[in-house]
There are 2 protein chains.
Amino acid sequence: MIKRVNHIAIAVPDLELAAETYRRLGVTVSEPQVLPEHGVRVVFLEFENVKLELIETYGEKSPVASFMRKNPSGGIHHVCFDVEDLQSTSETLKDAGIRVLGDGPPKIGAHGNPVLFAHPADLFGVLTEFEEPR
Amino acid sequence: MIKRVNHIAIAVPDLELAAETYRRLGVTVSEPQVLPEHGVRVVFLEFENVKLELIETYGEKSPVASFMRKNPSGGIHHVCFDVEDLQSTSETLKDAGIRVLGDGPPKIGAHGNPVLFAHPADLFGVLTEFEEPR
């Protein structure tokens with residue numbers, strides 16, 4: 001069911017400082033993008049095989065705010081896997097006793113594709129996103 | 001300098017349970033290996049583009065033990081990048097004000113290649129390993 005890791009997201013307190021730090025390490029870093037509907041500003045770190053995203057809280061109701069209160073210097077926030085079909089993913093998760101966050105159908109994620117999140121308590125402390133690439 | 005993500009390591013309290021959970025999600029999971037000199041038991045989750053490792057404490061002096069005390073249900077433990085040359089990586093890190101853990105030359109890591117670790121406080125809360133593939 002899961003073929004690829006889509007990205008790993010690292011929450012940081014200062015996006016420009018973090019972007020500059022990774023540039024100094026020779027990583028190709030995108031320009032910052034604001035994603036108001038997701039409550040984050042983001043830059044992408046480009047590697048040959050997988051993307052890392054640096055995310056910073058944005059706005060009043062950022063979903064990353066509580067994580068940053070617990071981890072003020074930052075930390076790995078979530079892992080995202082590509083899946084072929086979110087509906088069957090949702091059923092497989094439920095069959096395995098893994099709770100899907102939120103209610104109802106998958107939402108549109110930061111990349112414009114449908115996504116769902118599994119409860120970190122059911123996956124060994126790891127907030128896990130599943131994305132169905134178009 | 002950094003071309004690829006080598007792996008992401010997730011520390012778990014029960015390796016067999018975690019392996020079985022990922023198998024139920026359709027992930028190809030290796031047999032467990034004990035790495036006594038690294039204080040962990042490990043399984044590899046195989047994806048098309050990058051490896052995830054599930055690690056469990058092993059023995060009296062596991063380097064993962066303090067992480068598990070703070071995160072008893074588990075969590076993402078570290079990210080590992082491939083680099084071409086660890087010596088120049090070490091110098092680049094120092095020039096960027098990022099502390100290298102331990103003293104002296106790189107050690108041999110869990111894959112038999114030389115590795116070094118950067119201090120998580122200097123990389124936004126993320127314990128970061130650098131590995132020089134042979």
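This presentation describes a predicted model of two chains, A and B, from their symmetry to their salt bridges.

Before the details, the conventions. Because the model is predicted, local features need pLDDT of at least 70 and side-chain atom pairs count only at pLDDT 80 or more, whereas totals for chains, interfaces and linings use all residues. Residues are numbered from 1 along each chain as its sequence is written, chains are lettered from A and ligands numbered from 1 in the order in which they are written, and side-chain values use heavy atoms, with hydrogens and water left out.

I begin with the symmetry. Two copies of a chain are related by a rotation about an axis and a shift along it. Here, chain A is superposed on chain B by a rotation of 180 degrees with 0.0 Å of shift along the axis, at an RMSD of 0.0 Å; the superposition is by least squares on the C-alpha atoms of residues with pLDDT of at least 70 in both copies. This is the relation of a two-fold axis. In chain A, the C-alpha nearest that axis belongs to A:Asn49, at 2.7 Å. Both copies use the same surface, since 100% of the contact residues of chain A recur in chain B, where contact means heavy atoms within 4.5 Å.

How many residues of chain A are in contact with chain B? There are 37, and they meet 37 residues of chain B. The area buried between the chains is about 3400 Å², with 71% of it from carbon and sulfur atoms; buried area is the accessible area (1.4 Å probe) that two parts lose on being put together, summed over both. A:Leu25, A:Asn49 and A:Phe124 supply 23% of what chain A buries against chain B, more than any other three residues.

One of these three, A:Phe124, deserves a closer look. A:Phe124 lies in the loop between strand S8 (114-118) and strand S9 (128-131) of chain A; strands are DSSP runs of E of at least two residues and helices are runs of H or I of at least four, numbered from the N terminus. Most residues other than glycine have a negative phi. A:Phe124, however, has a positive phi of about 60 degrees. With a relative accessible area of 8%, A:Phe124 is buried, the cut-offs being under 20% for buried, over 50% for exposed and in between for partly exposed (1.4 Å probe, protein chains only). In chain B, B:Phe124 likewise has a positive phi, near 60 degrees, and is buried at 8%.

Next, the core. Which residues touch the most other members of the largest nonpolar core? Of its 63 residues, they are A:Tyr22 and B:Tyr22; such a core is a set of buried Ala, Val, Leu, Ile, Met, Phe, Trp, Tyr and Cys residues joined through side-chain atoms within 4.5 Å. Leaving aside residues up to four places away in sequence, A:Tyr22 touches partners that include A:Ile10, A:Leu54, B:Leu123 and B:Phe124.

A:Leu54 belongs to strand S5 (residues 51-57) of chain A, in which five of the seven residues are buried. S5(A) pairs with two strands, pairing requiring at least two DSSP bridges. With S1(A) (residues 2-11) the sense is parallel, over five bridges, and A:Ile55 is the partner of A:Ala11. With S4(A) (residues 40-46) the sense is antiparallel, over seven bridges, and four residues separate these two strands in a hairpin.

After S5, in the loop before helix H2 (65-70), comes A:Val64, which is buried at 2% relative accessibility. A:Val64 touches A:Ala11 and A:Ile55, among others; its C-alpha is 7.4 Å from that of A:Ala11, although the two are 53 residues apart along the chain.

Finally, the charged pairs. The structure holds 13 salt bridges over all chains, each a side-chain nitrogen of Lys or Arg within 4 Å of a carboxyl oxygen of Asp or Glu. In chain A, A:Arg4 meets A:Asp82 at 3.8 Å, N to O. That pair links strand S1 to strand S6 (residues 75-83), 78 residues apart. A:Arg4 is partly exposed at 33%, whereas A:Asp82 is buried at 12%. In chain B, B:Arg4 and B:Asp82 also meet at 3.8 Å. Between the chains, the count is one salt bridge: B:Arg4 with A:Glu48, the closest N and O atoms being 4.0 Å apart.
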